[in-house]
Amino acid sequence: MTALKKDIAKDAVDAITDQWYAVRPDLDTTPMAVFGRIYRISKAMGDAVERAYNRHGVSRGEFDVIATLRRSGTPYTLSPRELSATLMLTTGGMTGRLDKLEKAGLLTRSPDPHDRRGLQVTLTDRGLALVDEAVTAGIEVNRAGLADFSPEEVEELGGLLRKLLAGMP
């Protein structure tokens, strides 16, 4: 804790762990404090990024679909099955998102030339422009969340979180 500035006020997680200490002083609530903060940060940042995407006319789930197509590289085409697997969605959930995005002109569905029974989903030029604007807006929200950290602290935090994630069951 020596690296933590002394002027940082206690937060809601401190209040919870302090309450636990009052009734169960034998408990080490350090893990609760770490994961409680991670959860709260994730929720707050997720909500802020969602608002950024909404300003571009898409929800977080819809953004995930067009972002997956964008990240796939030219020609920005995947099968619905590949999208479902990447986004861990049921085919029904994927169909609903694809219907809405196709109606908005952000993607097209067409027969797969390599599989008569299959479809391919392709990002339109409009979809490409929108996803590039939305991802930039989302990253700016993330950047603002890290504004109080030096580049070195951001790198260290990223490394520590990577290590934590790698150790998850």
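**Exercise 1. Where does Tyr 76 lie, and is Tyr 76 buried or exposed?**

Keep in mind that you're looking at a predicted model.

*Step 1.* Find the loop between H3 and S1: that's where Tyr 76 lies.

*Step 2.* Check the relative accessible area, which is 16% for Tyr 76. Buried means under 20%, so Tyr 76 is buried.

*Step 3.* Look at the backbone too. Tyr 76 isn't a glycine, yet its phi is positive, about 60°. For background, most residues other than glycine have a negative phi.

**Exercise 2. Work out what kind of peptide bond joins Thr 74 and Pro 75.**

*Step 1.* Locate Pro 75: the loop between H3 and strand S1 (77-78) holds this residue.

*Step 2.* Read omega for the bond between Thr 74 and Pro 75, which is about 10°. That bond is cis. As a rule, most peptide bonds are trans.

*Step 3.* While you're here, take a look at Gly 73, just after H3: its phi is positive as well, at about 85°.

**Exercise 3. Check whether the span of helix H3 agrees with its number of residues.**

*Step 1.* H3 covers residues 60-71, so you have 12 residues to work with.

*Step 2.* At 1.5 Å a residue, H3 should span 16 Å. The expected span uses one less than the number of residues, so don't multiply by the full count.

*Step 3.* Compare with the model: the end C-alpha atoms of H3 are 16 Å apart, which agrees.

*Step 4.* Now see what's tucked away. Buried residues in H3 include Phe 63, Val 65, Ile 66 and Leu 69.

**Exercise 4. Find Met 88 and decide how accessible this residue is.**

*Step 1.* Go to the loop between helix H4 (80-87) and helix H5 (91-103), and there's Met 88.

*Step 2.* Its relative accessible area is 76%. Exposed means over 50%, so Met 88 is exposed.

*Step 3.* Met 88 isn't a glycine, but it has a positive phi of about 55°.

**Exercise 5. Say which helix gives the most to the nonpolar surface patch.**

*Step 1.* Picture the patch: about 790 Å², with Val 34, Phe 35, Leu 157 and Leu 161 among its residues.

*Step 2.* Helix H2 (30-54) and H7 each give two or more residues. H7 gives the most, with 4 residues.

*Step 3.* Met 168 belongs to the patch too, but its place is in the segment after H7. With a relative accessible area of 38%, Met 168 is partly exposed.

Terms used: Residues are numbered from 1 along each chain as its sequence is written. This is a predicted model: local features need pLDDT of at least 70, side-chain atom pairs count only at pLDDT 80 or more; totals for chains, interfaces and linings use all residues. Side-chain values use heavy atoms; hydrogens and water are left out. Buried means under 20% relative accessible area, exposed over 50%, partly exposed in between (1.4 Å probe, protein chains only). Patches are made of residues with over 30% relative accessible area and no salt bridge: like charges are joined within 9 Å, nonpolar side chains (Val, Leu, Ile, Met, Phe, Trp, Tyr) within 5 Å. Accessible areas come from the Shrake-Rupley method with a 1.4 Å probe; for residues, only the protein chains shown count as cover. A salt bridge is a side-chain nitrogen of Lys or Arg within 4 Å of a carboxyl oxygen of Asp or Glu.
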